Amino acid sequence: RRGDKGKINGGLDRRAVPPGQNVRAGRRKVADYGLQLRAKQKARRLYGLMEVQFRNYFEAAEREPGVTGINLLRHLELRLDNVVYRMGLGASRKQARQLVGHRHFEVNRKVVNIPSYQVRPGDVVTLRQRSKEGSEVFDVALAASGSRTMPSWLSFNESEKSAKVLSLPERNEMEMGVEEHLIVEFYSR
């Protein structure tokens, strides 16, 4: 029954605060650890990685010279499944991962079915000939990726459905929602 303003079902008050004892008017401030954990989890989910894989990428990035956060993002961007997604041949990273796993792509004329395969500058990623023949999936993915911009570190040939990795990606061409400095702080505790 709804009779009184602000009351529901016979007398329960609506409150602007979450339930619990000693709760003030607002929520608690998130600690630094919480912010760092959220940034790491966001990046992990974005690239579709398990915790151990992500940690291994971080450790590899840490061993390399240069800025650890940028190195980490480079490792993630140069995964084969991400390159396929960036080419526009996968509507999502998850679909791109599945397409790579189903042996639809070649790297330097060799079939590769490992989504975590690291491409390097100079590598050519091509849609296999037998996959081009039944390419309705890829046509739909290309149409869906129309709003996505092709990064300058990739050169895409639409007629052959192939891309050449021209250089290592720069920070402004990588995923913008990832806060790599928080991830580095998280693993550096």
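Colleague: What share of the contacts in the protein chain with a separation of 6 or more comes from residues 24 or more positions apart?

Modeller: In this predicted model, residues 24 or more positions apart account for 54% of those contacts. A pair counts here because its heavy atoms lie within 4.5 Å.

Colleague: And what is the chain built from?

Modeller: The protein chain has 8 helices and 7 strands. Buried residues make up 40% of its 189 residues, and "buried" means under 20% relative accessible area.

Colleague: Why do you say that strand 6 and strand 7 pair?

Modeller: Pairing needs at least two bridges, and strand 6 (residues 154-157) and strand 7 (residues 162-165) have 4 bridges, in the antiparallel sense. Therefore they count as paired. Leu-154 has Val-165 as its bridge partner, while Asn-157 is matched with Ser-162.

Colleague: What makes these two strands a hairpin, and which residue in the turn has a positive phi?

Modeller: There are 4 residues between strand 6 and strand 7. In that turn, Lys-161 has a positive phi of about 50°.

Colleague: Where do they sit in the sheet, and what makes a strand an edge strand?

Modeller: The open sheet of 5 strands runs in the order 4-3-5-7-6, with antiparallel pairing. An edge strand pairs on one side only, as strand 4 (110-111) and strand 6 do.

Colleague: Which strands does helix 4 lie across?

Modeller: Helix 4 lies across strand 3 (105-107), strand 5 (124-127), strand 6 and strand 7. Its angle to strand 6 is about 60°.

Colleague: How do helix 4 and helix 5 pack?

Modeller: Helix 4 (residues 80-87) and helix 5 (residues 93-101) pack at an angle of about 115°, with their axes 8 Å apart. The crossing is right-handed. On helix 4 the contact is made by Leu-80, Asp-81, Asn-82, Val-84, Tyr-85 and Arg-86, and on helix 5 by Arg-93, Ala-96, Arg-97 and Val-100. By class, that gives 5 nonpolar, 1 polar and 4 charged residues. Tyr-85 is in the contact, and Tyr counts as nonpolar.

Colleague: How do you know that the buried residues of helix 5 are on the same side?

Modeller: The buried residues of helix 5 are Arg-93, Ala-96, Leu-99 and Val-100. They cover an arc of only 120° around the axis, so they lie on the same side of helix 5.

Colleague: What follows helix 5?

Modeller: Helix 5 is followed by Arg-103, whose phi is positive, near 65°.

Notes:
Residues numbered from 1 in each chain as written. Predicted model: local features only at pLDDT ≥ 70, side-chain atom pairs only at ≥ 80, totals over all residues. Heavy atoms only, no water. Axes fitted to C-alpha atoms, helices over the stretch in contact; angles between N-to-C directions. Left-handed = near helix turned anticlockwise from the far one by under 90°. Buried < 20%, exposed > 50% of the residue type's maximum accessible area, 1.4 Å probe, protein only. Arc of directions from axis to C-beta.
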